Amino acid sequence: MPEKTTISIIKCDVGSLVGHHTVPEPLLNVGEKNLQEAQKSGIINSHYVFHAGDDLELLMVHQKGEGNPEIHKLAWDTFQEAAKKALDLKLYGAGQDILKTAFSGNVRGMGPGVAEMEIEERGSDPIVVFAADKTEPGAFNYPMFRIFADPFNTAGLVIDPAISGGFKFEVLDVLENKRAVLKCPEEMYELIALIGTPSRYLISHVRRAKDDLVCAATSTTRLSLIAGKYVGKDDPVSIVRCQHGLPALGEVLAPFMHSYFVEGWMRGSHWGPLMPVGLKDARCTLFDGPPRIVALGFQAAHGKIACDDEGKPMISDLFSDPSFDLARREAVENAVSLRRMGEFEPARLGAGEMEYTTLPKVLEKLKGRFTKA
Ligand code: F6R
Ligand code: MG
Ligand code: MG
C-alpha cells in the first residue's frame, strides 16, 4: 500500500509589525530557515511559509500522519524562535498566541491553530489551503456548507454523477466539547440550525458520504476557551480537496464571490465583512481589518507539494485574481456601513461573544444607581 501524505497547516501570532496588522520579513525568515532545515533532514517533504495578517503560517507536507509530535514540535520551536525575534525587535504582541511554555507533544490546545489532513493521494490531488485573520473558525461554516451542500453553489451536486450521495459534516460543539456527524442533503436543515451559530458549532471535517473520503479539515481551537480569558481571536485555517468526484476548484472558491459577515475584526468584538485577498494584501488595516482570507492552491504529489523545474513548490495565490474584486469592493462598502453604527449592535457583537468588554466595570460603577423601574 502506498504511503499516505499528510498536509499540516499550523499557524501562530508570534508578534507583528505596527500593531496587529502584518508579519514582517525577519519573522517569515525564521519560518523559512527552520522548515528548510527540516526538509533537508527529511522531517518534512515540502513547505511553504506565508502570513495572513498578523499570523505566521507554516504549511508542511510530510508522511508522518496527523498530530505527529515531531511535526508539531518543529512548528512549536519555530514559533518560539520567531516570538523571541519579535521580542528582540520590540514588535507588537510578541508571543501573543503561545500560551503555555512547555511543549507537550502536540500544539493543539496550546495556542497555535492547526488543520491537518492525511490522504491517500488520488491520481492527481488538487488542494486548497485557506488562512484567515481577525476572525474565528466558525467563519468557515458558511463557505463549507455552500461548497459541499448547496446546489446553487456547487453545480457538481446536481450534474456530476461522481459526486452523488452527498457529504457528511462533522460538527463540533465547542462549549460542551461534543461532536456529531450530519449528512446532507438529508439533514440539511438540522445542519444549518447548528452551524448558523458559528461561535459555538464549528464544521471540523467534511467527508464524502459514499466512501468517507476526507474532503475538508478546519482548525477548531478557541483560544478564549483555552485560556479562560481573552488572549486574541483564534484566526482559523482550513484544508479542502477538490475535483474528480469532489467540488471543482471553482466551486470551492465560488462562496467567496461575495463578501459575508464574520465575528472578529477590531478587538475580536465586532461583526465584519470577510475580504478575500491575494498574499500581498493579507494585511489588516482599516479598523484592524476588514477580516481577510487568503487561499493557496497546490497539487499534492508523491508526498510533497508538486514543484517546478527549480524545485520550488508551485503555489497559486488564488484570491489575487481580479474575479474577487467585487467581493473586495463589497467588503469595503459593508465595512463602512457597519462602522457608521459605532459601538451599537449589531455592528458590535452581543455581550456574550465580545472578546473585550468593559460592561462588568460599567455595571460596577453604576451599582446603586439603578432603582426599581
Ligand atoms: C483583534 C486584534 C486587534 C486588537 C486591537 C487592540 O483580533 O488583534 O484588533 O485587539 O488592535 O490590541 P491591543 O489590546 O494589543 O492594543
Ligand atoms: Mg496579534
Ligand atoms: Mg491574527
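Contact here means that heavy atoms lie within 4.5 Å, and this is the sense in which parts of the chain are said below to cover helix α5 or to touch Ser16. The model is predicted. What covers the buried residues of α5 includes α3 (141-149), β6 (167-173), β7 (178-184) and β8 (201-208).

**Helix α5**
- In α5, which spans residues 188-195, the buried residues include Met188, Leu191 and Ile195, and they lie on the same side of the helix because they cover an arc of only 60° around its axis.
- Tyr189 and Ala193, on the other side of α5, are exposed.

**Magnesium site**
- The magnesium ion (ligand 3) is coordinated at 2.0 to 2.5 Å by the OD atoms of Asp54, Asp55, Asp133 and Asp235, and these donors follow the spacing D-D-x77-D-x101-D along the chain.
- Distant parts of the chain are linked here, since Asp54 lies in the loop between β2 (46-52) and β3 (55-62), while Asp235, 181 residues apart from Asp54, lies in the loop between α6 (223-227) and β10 (237-241).
- Both Asp54 and Asp235 are buried.
- Asp54 also coordinates the magnesium ion (ligand 2), and the two ions, ligand 3 and ligand 2, are 4.9 Å apart.

**Ser16**
- Ser16 is found in the loop between β1 (5-12) and α1 (25-40), and Ser16 is buried, with a relative accessible area of 0%.
- The side chain of Ser16 reaches the backbone oxygen of Gly19 at 2.4 Å.
- Leaving aside residues up to four places away in sequence, Ser16 touches His21, Thr22, Pro24, Leu91, Tyr92 and the metal-coordinating Asp54.

Note on methods: Residues are numbered from 1 along each chain as its sequence is written. Chains are lettered from A and ligands numbered from 1 in the order in which they are written. This is a predicted model: local features need pLDDT of at least 70, side-chain atom pairs count only at pLDDT 80 or more; totals for chains, interfaces and linings use all residues. Side-chain values use heavy atoms; hydrogens and water are left out. Donors are N, O and S atoms within 2.8 Å of the metal (3.2 Å for Na, K and Ca); water is not among the atoms, so sites may look incomplete. Helices (H or I, at least four residues) and strands (E, at least two) are DSSP runs, numbered from the N terminus. Buried means under 20% relative accessible area, exposed over 50%, partly exposed in between (1.4 Å probe, protein chains only). The arc is that of the directions from the helix axis to the C-beta atoms. A polar contact is a pair of N or O atoms within 3.5 Å; within protein, one must be able to donate a hydrogen and the other to accept it, and residues adjacent in sequence count only if both atoms are side-chain atoms.
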